[in-house]
Amino acid sequence: MSDKKKLDGNTPENENYRDEMDELVRIFKEELSKAQEEAEESDDFDVDNIEVEGYDPKTVSLDEKRRAIVDFDNNCECCGERPRGTKKNPDSIFCEECEAILEKYPYDWKGLVSVVVILAVLIFGVIKFAIDTPVFSYMKSGDKNLKENKLYSAVSNYDMAEDCIEEELRENYKKLYAKQIVAGYKANNMDMVTNAFSYFGNSDFLLFMLKDVSEIDEEMSLMQATTTMIQQHLEEYDVTEYDKIIAELDSLSGKRIYESNGYYLDETNVEFTPSGAEKGYIYDESWLNIYKYAAAQSNGKDESVTIEYLEKALGYTEYVDRVWTTVLASAYIGTEQYDKAEALLKNIKNSNDEGIDDNLILSMIYRYRDKNYQRAVDICVNGLNGLSRLEDGYDLVAQIGYTLSMQKTLNLIMLGKYTDAYESAEECCTYQMDSLETVNSQSRDMLAILALATKNTEAYDELKKEIEDSGEYGIPFSQDVTDYKAGKITLEEIVMSGRYDLL
């Protein structure tokens, strides 16, 4: 039988237990009363010599000792405050209230407290587990996606992991943000990268412990320093001053940039003398060449010039290589260097297994070189379907898939399917509006041209009115729209001009 006997119930076992306890109490009381009477009658009574384990009689007065004996004799053994005895059992060592509690909960109070503490710890653990489980589940999925080079899925899973964390607890999940930096950077999701970096300090241990994160931090810092200083140098030039812009950019090559408290200066500033405390960079050659490419494009330079700048831009940083390789491939297509474009497809595909840039380049090759317009349409549809099947599929289609929608539109035109092409162009504009809250002029103009081609004068007039309502901020229709309306150019000629490839 357990040492802690239950007091509830009217079993024979419990009745025997009560009888035994009552008998012990009776004997104890008789012996205590007898000893007390003998002590009080004796002149040798010395209460200070009474030895009780854990009790120092020298620190308590005689009256207190006597009261303690009386209290011990009369008060409840459980609470020590109320008189002992109950209606059912006047000789009970417990008071009425305590015996009722003990009959209902036949356990000692220390055990109850222990149970409460254990339950509290368990509840806390369950709550934390409930938070951490989905976080780490999404992180694990994101890790798998990242390893398989499925970057959009990785970004989505890491984003969902973050959504599971309360705002005030997010500082404790820096490992998640480190993963977001890597996935976002590789997927060209710079908003995610910037947000994730905000949870780290300049001297944060995790930044330096994780090699990928540290390298990304350095590359982004170099990019920011270089682009900030280039823009400062080009502020004094008009965009049409091509030769001066190129000369200025050439003069910056190899020069050193200094950063102090978020401000940038370079060694071309003769009034500045570095103290040695500044952080230093060398101008990134990739960005110098990209700005040269942009200047050449803006001034209508020959494609051989723009291609040369693009080729020189590659090979310095991972970000530039990933983003601008597709642009270079499209430039090769524009100059009918199809073999060079195809040679870049492997690198384009390897940058993101879920990406669509390879679909984009392939569809252009089939249109320009092979004149296989239906094959080009199918490639665009496959790319859009692949995006739509991913988590956050519609958002991805809207953000990046609109370029494939335009390629599909152009190939449908070449197939003579103008109504389908109009719907595809409208789809392209809808995606841009949903993701960017604006529509670029090329997409709008193609929609206007197709509205004319399908005799949808209401749609054309609506687009024209939007431009008029925008006043000085409205971008007028291009010459292509005007010439097509006047019958001076065909739809096929517009498509093959390359002006609507959105690259």
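**Loops, a charged patch and cysteines**

In this predicted model, the loop that connects α4 (109-147) with α5 (151-163) contains N149. The backbone of N149 has a phi near 65°, which is a positive value in a residue other than glycine. The relative accessibility of N149 is 21%, and because buried means under 20%, N149 counts as partly exposed.

A second residue of this kind appears further along the chain, where K455 lies in the loop between α20 (441-453) and α21 (457-469). K455 is not a glycine either, yet its phi is positive, at about 60°. With a relative accessible area of 70%, K455 is exposed, since the term applies to values over 50%.

Another loop leads to a feature of the surface, for E391 is placed between α17 (373-388) and α18 (393-414). Together with D392, D395 and D434, E391 forms a negative surface patch. E391 itself has 46% relative accessibility and therefore counts as partly exposed, because exposed would require over 50%.

The cysteines give a contrasting picture of accessibility. C95 counts as buried because its relative accessibility is 1%, and C380 is likewise buried, with a value of 0%. A disulfide is a covalent bond between the sulfur atoms of two cysteines. When a pair of cysteine sulfur atoms within 2.5 Å is required, the count for this model comes to zero disulfides.

Conventions: Residues are numbered from 1 along each chain as its sequence is written. This is a predicted model: local features need pLDDT of at least 70, side-chain atom pairs count only at pLDDT 80 or more; totals for chains, interfaces and linings use all residues. Side-chain values use heavy atoms; hydrogens and water are left out. Patches are made of residues with over 30% relative accessible area and no salt bridge: like charges are joined within 9 Å, nonpolar side chains (Val, Leu, Ile, Met, Phe, Trp, Tyr) within 5 Å. Accessible areas come from the Shrake-Rupley method with a 1.4 Å probe; for residues, only the protein chains shown count as cover. A salt bridge is a side-chain nitrogen of Lys or Arg within 4 Å of a carboxyl oxygen of Asp or Glu. Lys and Arg count as positive and Asp and Glu as negative; His and the chain ends are not counted. The place of a charge is taken as NZ of Lys, CZ of Arg, CG of Asp or CD of Glu. Helices (H or I, at least four residues) and strands (E, at least two) are DSSP runs, numbered from the N terminus. Buried means under 20% relative accessible area, exposed over 50%, partly exposed in between (1.4 Å probe, protein chains only).
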